[in-house]
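I sat down with this one to jot what I looked up, entry by entry. Here is what went into the notebook.

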Amino acid sequence: MLPIPFNEAINMWSLGIVAAELASGGPLYPGEMDYDVLSFTVETQGQPADYVLDRTIQLKMEPFPDQFMEFHPIHGTNVRLDHSGTQATRVESFANGVCFSKRPLKPGEIFLIEIEDKELGWCGHLRVGLTAKDPRSLEVVPEYSIPDLTDSGDSWIFAITRNHNKIIEDSGAGGQEAGDGGLAGGRRLGRGEVEDGAVGEGDRGGGGGNNNNNNKPKTFFTDSHLHIENIRIPRDKLVGRSRPGRYSHILDDLYKTNCLPPTARRSRIGVLYVPKGQDLADMHMVINGEDMGASAKGIPSTQPLHAVVDVFAATKCVRIVQVEYGFSSLQTLCRKAIQKHIVHRMAIDWLELPEALKHYCKYE
């Protein structure tokens, strides 16, 4: 949990922990997440020495010192950002909704958004990806991310669909280079989607064939972090929560087991790139806490890469979800402490707390 150097002695410690659990029938350090385990450790054994905490802060915060994510002020003509720069709404039509991250992403850093609102009557959904183009260098923001931005080169955009987002590893689909170009449904992006259509659930409308993986069970979240290659992403924010209501506790279970459709309200979608070899990287999509695989391979990582979010068609509004890689903020710690002692989220309304804090505790 604390990223500090260790040696083989930790193996003996782990063996002792397992032996104690087998003997007692319960975990020696209980907790559903890192925060609970650390709190129990401090409560029973005292706070770690200052030099340990200082070393932890240096190591844990070093990769992403400037964590706060915002949308770039340069965006499509139909997009309106809120005052914080973290919510993007398409105010009319179905296009001209292309947005960018305000700053380039670092290797392994996820740009995570949640679908806030949808608009019926349009065909198509959110599009997410990466671009090596600096938004400030664009004379005009493209009307569409696919094909306009991808046709201009150095951009890798993935069209989110209701069912077919998982990328199937295939020798013919690997190693796509930056110069391949291609539209949605072409070699670079669409092949992964078509391959998934051949094995995914609810296959409708062609591309079918092999259904060997149809019965693959959903993965339950048993780890506090999502692991992609050598990248660790805290799961705490990767899965959204339903709006409070009579059946919200049931919906929350669907969220946690990734049964929520990727294009639904409250669905959370993230994009990041993972270094692969010298000056190359793979782009990964994360949907509701699950890695969809490498949707674009062999991306040149020597240039800064901005996240791209196209608030397209049926997707009307999205907001950025801030992911905390280091120690949790005071706001997050307060939220977890409150939620830990509340049986149902509707009970939060009865607490004498500021409305903003109630909202945060109910929806995060």
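**Entry 1: isoleucine 10 and its patch**

I started with isoleucine 10, which is partly exposed at a relative accessible area of 34%. Worth keeping in mind throughout: this is a predicted model. I placed isoleucine 10 in helix H1, residues 9-24. Then I checked its company and found that Phe6, Ile10 and Trp13 make a nonpolar surface patch of about 370 Å².

**Entry 2: the cores**

Next I went inside. In soluble globular proteins, nonpolar side chains tend to be buried together. Here the largest nonpolar core holds 33 residues. I noted the ones with the most contacts inside it: Phe71, Phe111, Ile113, Leu130, Ile269, Met283 and Met285. Which elements give two or more residues to this core? I listed strands S4 (111-118), S5 (127-131), S6 (155-159), S9 (268-275), S10 (280-287), S11 (290-300), S12 (306-310) and S13 (315-321). S10 gives the largest share, 4 residues. I also found another core lying apart from that one, with 13 residues, including Leu272, Val274, Val323 and Tyr325.

**Entry 3: aromatic rings**

How many aromatic pairs does a search of the whole structure find? I got 6. A pair of aromatic rings is described by the distance of the centres and the angle of the planes. For phenylalanine 94 and tryptophan 122, the centres are 5.0 Å apart and the planes sit at 40°, so I filed the pair as tilted. I traced both ends: phenylalanine 94 is in the loop between strand S2 (87-90) and strand S3 (98-100), and tryptophan 122 is in the loop between S4 and S5. That links distant parts of the chain, 28 residues apart. Both rings came out partly exposed, phenylalanine 94 at 27% relative accessibility and tryptophan 122 at 36%.

Phenylalanine 94 also pairs with tyrosine 144, again tilted, at 6.2 Å centre to centre and 35° between the planes. I found tyrosine 144 in the loop between S5 and helix H4 (145-151), 50 residues away from phenylalanine 94. Putting it together, I wrote down one aromatic cluster of Phe94, Trp122, Tyr144 and Phe312. Phe312 has a charged visitor too: arginine 127 lies over the face of phenylalanine 312, at 4.0 Å from the ring centre.

**Entry 4: salt bridges**

I counted 12 salt bridges in the structure. The one I looked up before the others joins arginine 268 and glutamate 114, at 2.6 Å from N to O. Arginine 268 sits in strand S9 and glutamate 114 in strand S4, 154 residues apart. Are these two buried or exposed? Arginine 268 is buried, since its relative accessible area is 1%, and glutamate 114 is buried as well, at 2%.

Then I took arginine 265 and aspartate 117, whose closest N and O atoms are 3.3 Å apart in a salt bridge. Arginine 265 is in the loop between helix H6 (248-256) and S9, while aspartate 117 is in strand S4, so this pair ties together parts that are 148 residues apart in sequence. Arginine 265 is partly exposed at 41% relative accessibility, and aspartate 117 is partly exposed at 29%.

Lysine 166 and glutamate 290 were next, with their closest N and O atoms 3.0 Å apart. I put lysine 166 in the loop between S6 and helix H5 (190-197) and glutamate 290 in strand S11, 124 residues apart. Lysine 166 is partly exposed at 25%, and so is glutamate 290 at 23%. Last on this page, I noted that bridges with shared partners join Glu114, Glu116, Arg266, Arg268 and Arg319 into one network.

**Entry 5: backbone oddities**

I finished on the backbone. Which peptide bond is cis, with omega near 10°? That is the bond from isoleucine 146 to proline 147, and proline 147 belongs to helix H4.

I also flagged serine 93, where phi is near 55°, a positive value in a residue other than glycine. Serine 93 is in the loop between S2 and S3, and it is partly exposed at 35% relative accessibility. Asparagine 96 has a positive phi near 55° as well, and is not a glycine either. I placed asparagine 96 in the loop between S2 and S3.

Key:
Residues numbered from 1 in each chain as written. Predicted model: local features only at pLDDT ≥ 70, side-chain atom pairs only at ≥ 80, totals over all residues. Heavy atoms only, no water. Patch = residues over 30% accessible without salt bridge, like charges linked within 9 Å, V, L, I, M, F, W, Y side chains within 5 Å. Areas by Shrake-Rupley, 256 points an atom, 1.4 Å probe, with all protein chains shown as cover. Salt bridge = Lys/Arg side-chain N within 4 Å of Asp/Glu carboxyl O. Buried < 20%, exposed > 50% of the residue type's maximum accessible area, 1.4 Å probe, protein only. Core = buried A, V, L, I, M, F, W, Y, C linked by side-chain atoms within 4.5 Å. Phe/Tyr/Trp six-rings, centres within 6.5 Å; stacked < 30°, edge-to-face > 60°. Lys NZ or Arg CZ within 6 Å of the ring centre and 35° of its normal.
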